[in-house]
Amino acid sequence: MAVNLVNVEQVSKVYGTRALLDGVSLGVSEGDRIGVVGRNGDGKTTLIRMLARLEEADSGRVTHSGGLRLGVLTQHDSLDPEATIRHEVIGDLADHEWAGSAKIRDVLTGLFGGLALPGFEHGLDTVIAPLSGGERRRIALAKLLIAEQDLIVLDEPTNHLDVEGISWLAGHLRARRSALVCVTHDRWFLDQVCTRMWDVQRGTVHEYEGGYSDYVFARAERERIAATEESKRQNLMRKELAWLRRGAPARTSKPRYRIEAANELIADVPPPRDTSELMKFANARLGKTVFDLEDVTVQAGPKTLLTHLTWQLGPGDRIGLVGVNGAGKTSLLRALAEAARTQGDAQPAAGKVVVGKTVRLAYLSQEVHELNPNLRVLEAVQQVRDRVDLGKGREMTAGQLCEQFGFSKEKQWTPVGDLSGGERRRLQILRLLMDEPNVLFLDEPTNDLDIETLTQLEDLLDGWPGSMIVISHDRFFIERTTDRVMALLGDRTLRMLPRGIDEYLERRQRMEEAATPSAAPAAAKEKAAPAASVSPQAARAAKKELQKVERQLDKMSTRETALHAQIAEHATDFEKVAKLDAELRELVSERDELEMRWLELAEDA
């Protein structure tokens with residue numbers, strides 16, 4: 001029988017006139033892996049701080065088992081700024097001692113990319129004081145994971161980690177024997193790591209078995225039966241459930257909820273996006289040209305990030321952009337945004353960017369630009385406009401859109417200066433969408449947003465007709481909102497990944513394996529072999545054909561979606577279904593061949 005590690009009994013906590021927690025009772029046992037979700041400001045962080053005895057409850061009690069070894073990652077680290085990374089993470093261990101520990105090697109490689117800590121000027125001997133908040137947070141996480149713990153409590157552990165880092169952390173936590181309580185907005189991470197969920201809502205905590213997918217189903221079912229939530233929120237939850245059952249995450253994870261019940265619940269829910277319809281509308285709003293890049297070089301100061309980039313962002317394209325830190329993701333967006341701002345007058349270091357005449361670009365950067373703190377939320381939105389056309393006959397007032405983004409009627413009269421970081425981020429996205437752009441650049445849009453706001457933003461983007469590029473470390477958000485994934489792997493090229501983020505992680509792993517000392521002899525042997533040279537003319541021809549293949553793959557993806565819809569529509573007509581299924585199989589076979597051709601061309605280009 002599992003030993004109980006922590007008991008929370010009838011705990012309450014009040015801030016001002018608001019009860020964040022009201023008579024909450026919970027327990028954490030050995031082997032538990034618990035994800036904590038809820039809206040910003042509903043008490044998630046307060047709950048885990050009281051669980052870890054970092055904060056006192058107003059009433060009730062929290063008890064720990066005797067000798068409990070507890071590790072906590074808070075949003076503000078307690079590292080000594082005068083110390084080195086070596087002192088904080090490894091302590092007094094000699095080099096041969098820590099280098100001989102598989103656990104320490106795994107943590108350093110997983111969080112920093114190598115034992116020498118590439119990216120830090122003096123490696124392990126780098127002093128902590130001048131480092132950024134993100135670097136300090138990774139150091140604090142490494143220090144925590146290297147130690148032996150009975151229970152680990154993590155508050156937003158995926159912040160400042162890239163896709164590879166998040167994937168590594170999920171695998172590491174799954175393999176540990178420690179119990180875990182984790183607050184995060186990363187839904188892919190929750191599904192990979194957690195076996196129970198705590199949903200903090202209006203002073204109470206609802207418990208669910210399973211990971212995030214199970215939680216979505218159980219909560220939607222509970223709300224449907226109890227009929228306590230407004231229909232809008234139910235529909236959003238059911239729509240996300242439809243995505244989990246039908247979309248990309250359903251192919252890679254194995255949810256534990258009852259499939260028959262889930263299918264029944266979403267029987268009348270349409271797919272998240274009608275891709276064909278949105279593409280038609282995007283063509284009408286944007287014309288044929290959005291951004292055409294020809295032989296472009298992108299630089300950041302003296303550093304060259306991309307060279308000989310020939311690429312096209314077309315009407316209705318929805319691109320997820322991933323890549324190693326410093327490879328040029330943000331710099332690429334900035335170069336395109338500057339070309340759009342100047343109507344093509346501002347050009348990159350080399351090559352040419354052609355901007356469509358009808359392009360109306362909205363660019364959400366990582367920085368939250370300060371608004372007048374004295375403005376009310378609704379006034380800040382109405383500054384842009386009073387009503388917005390969302391396409392397909394949908395129109396919303398500023399107040400309605402505010403409500404969809406979690407600003408209740410009362411909250412709409414809150415001064416901007418009193419908003420939290422997450423609320424300001426929401427307001428920033430809202431103001432961008434109010435300006436009715438037809439091209440969206442979103443650079444880390446999920447920062448500081450809670451899960452409920454993320455699902456609302458995804459729902460809004462589902463019906464948004466335009467071209468979009470999303471940079472995000474939130475794997476779920478990219479798979480949910482985009483149709484294609486492209487990557488910057490640090491080799492100054494942009495590559496399309498037909499299999500999405502899974503393919504990106506595989507490629508990165510192969511690159512790292514090739515760079516390790518054990519791979520050196522093989523690499524030297526390969527270098528000794530005569531390499532097939534590709535002439536500049538052949539490379540240019542390959543790039544042109546590459547674009548053609550990408551367009552064909554896009555059309556195939558659209559056709560595949562339509563075939564799935566037709567099969568569902570004619571489910572009772574077996575003859576029709578058989579004919580459609582044969583066409584679908586043929587299409588998938590053609591697509592596989594085309595993807596192989598794409599890989600060949602990518603090597604030449």
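At what angle do the axes of helix H4 (residues 102-112) and helix H5 (residues 133-146) cross, and within what distance do they come? In this predicted model, the two axes come within 10 Å and cross at roughly 160 degrees. Angles over 145 degrees count as roughly antiparallel, and H4 and H5 are therefore roughly antiparallel to each other. The crossing in which H4 passes H5 is right-handed. On the H4 side the contact is made by Lys103, Ile104, Val107, Leu111 and Phe112; on the H5 side it is made by Arg138, Ile139, Leu141, Ala142, Leu145 and Ile146. Sorted by class, the residues of this contact comprise 9 nonpolar and 2 charged, with no polar residue.

Helix H4 also packs with helix H6 (residues 163-175). The axes of H4 and H6 are 8 Å apart, and the angle between them is about 150 degrees. With the cut-off for this class at 145 degrees, H4 and H6 are therefore roughly antiparallel to each other as well. From H4, the residues Asp106, Val107, Gly110 and Leu111 meet Gly165, Trp168 and His172 of H6. The contact of H4 with H6 divides into 3 nonpolar, 3 polar and 1 charged residues. Val107 and Leu111 of H4 take part in the contact with H5, and Val107 and Leu111 are also listed in the contact with H6.

The buried residues of H4 are Ile104, Val107, Leu108, Gly110, Leu111 and Phe112. The elements that cover these buried residues include helix H2 (85-89) and helix H3 (95-99), together with H5 and H6. Among the buried residues, Ile104 and Phe112 belong to the contact with H5, whereas Gly110 belongs to the contact with H6. After H4 comes Gly113, which has a positive phi near 85 degrees.

Within H6, Glu164 was examined further. Glu164 has a relative accessible area of 15%, and the limit for a buried residue is under 20%, so Glu164 is buried. When neighbours within four places in sequence are left aside, Glu164 is in contact with Val324, Tyr504, Leu505, Arg508 and Glu512.

Helix H17 (residues 451-462) was considered for length and burial. Its 12 residues, at 1.5 Å a residue, should span 16 Å. The end C-alpha atoms of H17 are 16 Å apart, which agrees with that expected span. H17 is mostly covered, with 12 of its 12 residues buried. The buried residues of H17 include the charged residues Glu452, Glu458, Asp459 and Asp462. Also buried in H17 are Ile451, Thr453, Leu454, Thr455, Gln456, Leu457, Leu460 and Leu461.

Gly66 lies in the loop between strand S4 (59-64) and strand S5 (70-73). Its relative accessibility is 77%, and because exposed residues are those over 50%, Gly66 counts as exposed. Gly66 and Leu5 are separated by 61 residues in sequence, while their C-alpha atoms are 8.5 Å apart in space.

Over the chain, the secondary structure comes to 22 helices and 20 strands. Of the 605 residues in the chain, 51% are buried. Among contacts between residues at least 6 apart in sequence, 69% join residues at least 24 apart.

Terms used: Residues numbered from 1 in each chain as written. Predicted model: local features only at pLDDT ≥ 70, side-chain atom pairs only at ≥ 80, totals over all residues. Heavy atoms only, no water. Axes fitted to C-alpha atoms, helices over the stretch in contact; angles between N-to-C directions. Helix = DSSP H or I, 4+ residues; strand = E, 2+ residues; numbered from the N terminus. Parallel < 35°, antiparallel > 145°, perpendicular 65-115°, else oblique. Left-handed = near helix turned anticlockwise from the far one by under 90°. Contact = heavy atoms within 4.5 Å. Buried < 20%, exposed > 50% of the residue type's maximum accessible area, 1.4 Å probe, protein only. Expected span 1.5 Å × (residues − 1).
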